[in-house]
Amino acid sequence: MTAIARDRADPDMRRGACPALSAPMMTGDGLLARVPLTAAIAPEQLADLCRLAMRHGNGMIDISARGNLQIRGLSETSAPRLEAEVRAMDLPLRDGLAVEVPPLAGEDATEIAGPRPLADAIRDRARDLQGLAPKTSVIVDGAGRLRLSGLIADIRLVAAEADGEIRWKILLGGTEASGRVFNVFAETQAIEATVSLLEKLASLGSDARGRDIASALPVNDFTAATVSPFTLHPLSDGTFATGIGPAFGQTHAENLIALCNEATRLDIRTVKPALDHSLLFSGSQATCRTLTAFAADTGFVTSSTDPRGHIAACTGRPACRSGTIATHEIATRAAAECTDLLDGSFKLHVSGCPKGCAHPQATALTLCGMPDHVSLVASAKASGQPFASIAFADTNATLRRLADLVRSERRSGENSAACLARIGPDRLRQAAIPG
Ligand code: SF4
């Protein structure tokens, strides 16, 4: 049964809220429901979900940074109908605790260990656990080609090999780089330890998160090499997956239906929402390449070098009532005008307000909409201390000046993130507000 999660005073600023199919969340353009797929589906099924999004919502679909499919613009009347029709499709939907695995788990020959059995065991053991924070997440990462290293998790298990044995390192809070090391276990002990940690979090109350029980532990301080989803990935059965995504994680259902129809025509087997706002379509190498070309021609992100893929932009104004800036317009201009700044070394965060939905972590540069200006924030979250405040109308021109500064200051071999950090907030302010 659908229960509406809402906060009438400020519908978009609730922290810890988590939209679900049965508990859609109120946003600026109506209710938002998440379709929590746990496995790949057929392109025809994704097209059917898109048709439901047009019938019951406003037709806008998000693919989130964590790889969640979200349907926007629902009403209190249409949300329960959407839920009933989605459940009738008999899709692989998550029930209970979010235990996430990388999108190629079980199909990736480079994985140290397949994470699905561990994830299934943890999900089963935690099924009756009450009192966890709504957004509690566990990541089980087999350390293969596409990793979930950059996503925040309360508890993260990462496969490692030592002396010919598979071990699972358990981290608490943060990303893989910033999480804190709890311990290293063999598989059975790793399941027991994870369940014990979840029980401990539940006993501390529904606000408790992994970071809250980790402060005395050492930081992992390890950054795994990352592969972009926006390329062709070889799979262990000899087929391939290609990563395709809507710009800034959002598109109209009609665009996705056209992509799915082409995938079906090409005999593409499956599609799965994945990290970094991507969809992974699986099939032969030739059909994946043909679909990628079709997607590029129709405006989707298909390459790791597409500057739009290096911008995290939330829904913003006008669709989100908390947003004070038109995030997608600003981001589209930035992608066209600041290509050398957007070198993939950081996510430029364009946030409609300090909540920072599109990129909860710190990043090298954020443009954050405020009630009467835009804050520029360096090396922090959207809600961090700004180094400058500018008028709405100056946003893209200011960003161009910062890009010019980085271009002129960049040292040989230095990427944009390192250059921005070296320049520092004082000189960034001078460039942002000349004279
Ligand atoms: S960060 Fe963006 S999407 Fe989130 S509440 Fe603010 S304006 Fe809305």
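Contact here means heavy atoms within 4.5 Å. The model on display is predicted.

**The five-stranded sheet**

Begin by selecting the open sheet of 5 strands, whose order is β1-β2-β4-β3-β12 with antiparallel pairing. Colour β1 (25-27) and β12 (250-252) separately: these strands stand at the edges, and each has a single partner strand, so one side of each is left without a neighbour in the sheet. From one strand to the next, the twist averages 30°.

Next, display strand β3 (residues 60-63) together with β12, which pair in the antiparallel sense over 3 bridges. Which residue of β12 stands opposite Asp62? Selecting Gln250 shows the partner position.

**Helices across the sheet**

Add helix α5 (residues 253-265), which lies across β3 and β12 and runs at about 85° to β12. Then add helix α1 (residues 43-56), which lies across β2 (30-35), β3, β4 (69-74) and β12. The angle of helix α1 to β4 is about 20°.

**An aromatic pair**

Move on to Phe182 and Phe185, which form a tilted aromatic pair, with 6.3 Å from centre to centre and 35° between the planes. The structure holds 1 such pair. Phe182 is partly exposed at 34% relative accessibility, whereas Phe185 is buried at 17%.

**Thr175 and its contacts**

Select Thr175 in the loop between β8 (165-172) and β9 (180-185). Is this residue buried or exposed? Thr175 has a relative accessible area of 15% and is buried, because the cut-off for that class is under 20%. Not counting residues up to four places away in sequence, Thr175 touches Ser149, Gly150, Leu151, Ile152, Arg156 and Gln361.

**Two backbone positions with positive phi**

Most residues other than glycine have a negative phi, and most peptide bonds are trans. Go to Ala143, in the loop between β6 (137-141) and β7 (155-162). Phi of Ala143 is positive, near 60°, and the residue is buried at 13% relative accessibility. Then centre on Asp276, in the loop between β13 (270-274) and β14 (278-283). Phi of Asp276 is likewise positive, near 60°, but Asp276 is partly exposed at 28% relative accessibility.

**A cis peptide bond**

Continue to Pro318, in the loop between β15 and α7 (327-337). The peptide bond from Arg317 to Pro318 is cis, with omega near 5°.

**The ligand shell**

Select the ligand and its shell of 11 residues. The closest are Cys314, Cys320, Gly323, Cys353 and Cys357. By class, the shell has 4 nonpolar, 5 polar and 2 charged residues.

**Two buried histidines**

Select His310, in the loop between α6 (285-297) and β15 (311-313). At 12% relative accessibility, His310 is buried. Leaving out residues up to four places away in sequence, His310 touches Ser304, Thr305, Leu342, Asp343, Gly344, Phe346, Lys347 and Leu348. Draw a C-alpha to C-alpha distance from His310 to Gly344: the two are 5.6 Å apart in space and 34 residues apart in sequence.

Finish at His349, in strand β16 (residues 348-351). His349 is buried, with a relative accessible area of 0%. What surrounds His349, leaving aside its neighbours within four places in sequence? The residues in contact with His349 are Ala312, Gly356, Ala358, His359, Thr363, Leu365, Thr366, Leu367 and Ala382.

Methods
Residues are numbered from 1 along each chain as its sequence is written. This is a predicted model: local features need pLDDT of at least 70, side-chain atom pairs count only at pLDDT 80 or more; totals for chains, interfaces and linings use all residues. Side-chain values use heavy atoms; hydrogens and water are left out. Rings of Phe, Tyr and Trp (its six-membered ring) pair if their centres lie within 6.5 Å; planes under 30 degrees apart count as stacked, over 60 as edge-to-face and the rest as tilted. Buried means under 20% relative accessible area, exposed over 50%, partly exposed in between (1.4 Å probe, protein chains only). Two strands pair if DSSP finds at least two bridges between them. Helices (H or I, at least four residues) and strands (E, at least two) are DSSP runs, numbered from the N terminus. Axes are lines fitted to C-alpha atoms, for helices over the stretch in contact, and angles run from 0 to 180 degrees between N-to-C directions. A residue is near a molecule or strand if one of its heavy atoms lies within 4 Å of it. Ala, Val, Leu, Ile, Met, Phe, Trp, Tyr, Cys and Pro count as nonpolar, Asp, Glu, Lys and Arg as charged, and the others, Gly among them, as polar.
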